[in-house]
Amino acid sequence: MSTLIVPPIPPSPRDDAMQLYRAFKGFGCDTSAVINILAHRDATQRAYIQQEYRTIYSEELSKRLEKELRGKLETAVLLWMHDPAGRDATIVRKCLTVDANIQGATEVICSHTPSQLQHLRQIYHSKFGTYMEHDIEATTFGDHKKILLAFLTTPRHEGYEVNREIAQQDAKFLYKAGEKKLGTDEKAFIRIFSERSAAHLAAISSYYHDMYGHSLEKAVKNETSGHFAYALLTIVQCAEHPGKYFAKVLHKAMKGLGTNDATLIRVIVTRTEIDMQYIKAEYLKKYRKTLNDAVHSETSGHYRDFLLQLLGPNV
């Protein structure tokens, strides 16, 4: 459930484009005005605003935002202006080829459905002139590379129907491939995690706990490591409860000395229009603090204002 608050009767995209232009004019940018418009428009409205701005002023709105904004606010707003698939493609490309942020790319890929990934691959190729698989091949290694490529390209059922008997067999199969034997059969984990639907994986996890007394996540942590483990954990945790998964990611980004702003921006911007209400609820439940309060204490200025407006009321 989204936390985005759109005006009941929003201005026309043309009016918004003209208001933004006025905010840019003169000495210094009226950053608050820019935030108050863009943080309260959905993806379709933002696309229309960009179209109108281009038509009226013969300039790309994104290019003007680059000139007018600075630092972390600029990063967050520019990411927000993309359509969802284009944004995900941009994040993965930057993570793989610029930032060497393998976890960020892994998170985006392993938290998506097969149909979303198919669309993402198409957008990635049209935007960057290369296949996402090629960039994964060039920047990742070993079993981590294998699970990313398998998860990205293998067709999977997206419905909620689960064959309980097969799920139980899969739980036994993973136990035999991991905790029961000396060493780990990584191929078995890659096959099950890339071929089974999210609902089926959630059922496997439940059976695993019932049969062996601890979670499948614990087994993954015991039997695998590094980026490979992170990919498997992302897949199974997003299959079970994406809200809980992203609450943990956000908490980790803000825990300790300093803040991982790249992660904070990525998760808030990409999940605002999907399930941020659930993420906020899970964050409060697990950490006894609202996500809004946590973000408020870790950020400042217009950057803080923008993120908090995306997060909605502090309840």
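A residue counts as exposed when its relative accessible area is over 50%, and as buried when that area is under 20%. Ser-58, at 69% relative accessibility, is therefore an exposed residue. Keep those cut-offs in mind while you look around this predicted model. The protein chain is built with 20 helices and zero strands, and its largest nonpolar core holds 94 residues.

**Overall shape and surface**

- The chain has 315 residues, and a compact globule of that length would have a radius of gyration near 20 Å; the value here is 21 Å, which agrees.
- Measuring along the principal axes, you will find that the C-alpha trace spans about 70 × 45 × 40 Å.
- Buried residues account for 48% of the 315 residues in the chain.
- Of the contacts with a separation of 6 or more, 68% are between residues 24 or more positions apart.
- The accessible surface of the chain is about 15,200 Å², and carbon and sulfur atoms contribute 52% of it.
- There are 41 positive and 37 negative charges in the chain, and the mean positions of the two sets lie 3 Å apart.

**The nonpolar core**

- In soluble globular proteins, nonpolar side chains tend to be buried together.
- Here, the residues with the most contacts inside the 94-residue core are Leu-65, Phe-193 and Phe-306.
- Helix α15, which covers residues 226-240, gives the largest share of this core, with nine residues.
- Leaving out residues up to four places away in sequence, Phe-306 touches Ile-35, Ala-39, Leu-73, Ala-76, Val-77 and Trp-80.

**Trp-80, a buried residue in α5**

- Trp-80 belongs to helix α5, which runs over residues 71-81.
- With a relative accessible area of 0%, Trp-80 is buried.
- Beyond four places in sequence, Trp-80 has a long list of partners, among them the nonpolar residues Leu-4, Leu-38, Ala-39, Val-269, Phe-306 and Leu-310.
- Charged residues also touch Trp-80, including Arg-41, Arg-46, Arg-87 and Glu-273.
- Ile-265 is 185 residues away from Trp-80 along the chain, yet their C-alpha atoms are separated by 9.3 Å.

**Two residues of α11: Leu-174 and Glu-165**

- Leu-174 sits in helix α11, residues 164-177, and Glu-165 is found in α11 too.
- The two differ in their exposure: Leu-174 is buried because its relative accessibility is 0%, whereas Glu-165 is exposed because its value is 54%.
- Leu-174 touches Glu-179, Ala-188, Phe-189, Ile-192, Phe-193, Ile-204, Tyr-208 and Leu-216, with residues up to four places away set aside.
- Phe-193 links this group of partners to the core, as a contact of Leu-174 and as one of the residues with the most contacts inside the core.
- From Leu-174 to Val-220 there are 46 residues along the chain, and 9.6 Å between the C-alpha atoms.
- Glu-165 and Ile-204 are 39 residues apart along the chain, with their C-alpha atoms separated by 10.0 Å.

**Two loop residues with positive phi**

- Ser-58 has a positive phi of about 50°, although it is not a glycine.
- This serine lies in the loop that joins α3 (43-57) to α4 (61-68).
- Ala-100, also not a glycine, has a positive phi of about 55°.
- The place of Ala-100 is the loop between α6 (84-97) and α7 (102-110).
- Ala-100 counts as exposed because its relative accessibility is 59%.

**Pro-13, at the N-terminal helix**

- Pro-13 is part of helix α1, which covers residues 13-24.
- At 29% relative accessibility, Pro-13 is partly exposed.
- Apart from neighbours within four places in sequence, Pro-13 is in contact with Tyr-48, Ile-49 and Glu-52.
- Pro-13 and Asn-292 are 279 residues apart in sequence, and the distance between their C-alpha atoms is 29 Å.

Technical notes: Residues numbered from 1 in each chain as written. Predicted model: local features only at pLDDT ≥ 70, side-chain atom pairs only at ≥ 80, totals over all residues. Heavy atoms only, no water. Core = buried A, V, L, I, M, F, W, Y, C linked by side-chain atoms within 4.5 Å. Buried < 20%, exposed > 50% of the residue type's maximum accessible area, 1.4 Å probe, protein only. Helix = DSSP H or I, 4+ residues; strand = E, 2+ residues; numbered from the N terminus. Contact = heavy atoms within 4.5 Å. Rg over C-alpha atoms; globule rule 2.2 N^0.38 Å. Areas by Shrake-Rupley, 256 points an atom, 1.4 Å probe, with all protein chains shown as cover. Lys, Arg positive; Asp, Glu negative; His and termini not counted. Charge placed at Lys NZ, Arg CZ, Asp CG, Glu CD.
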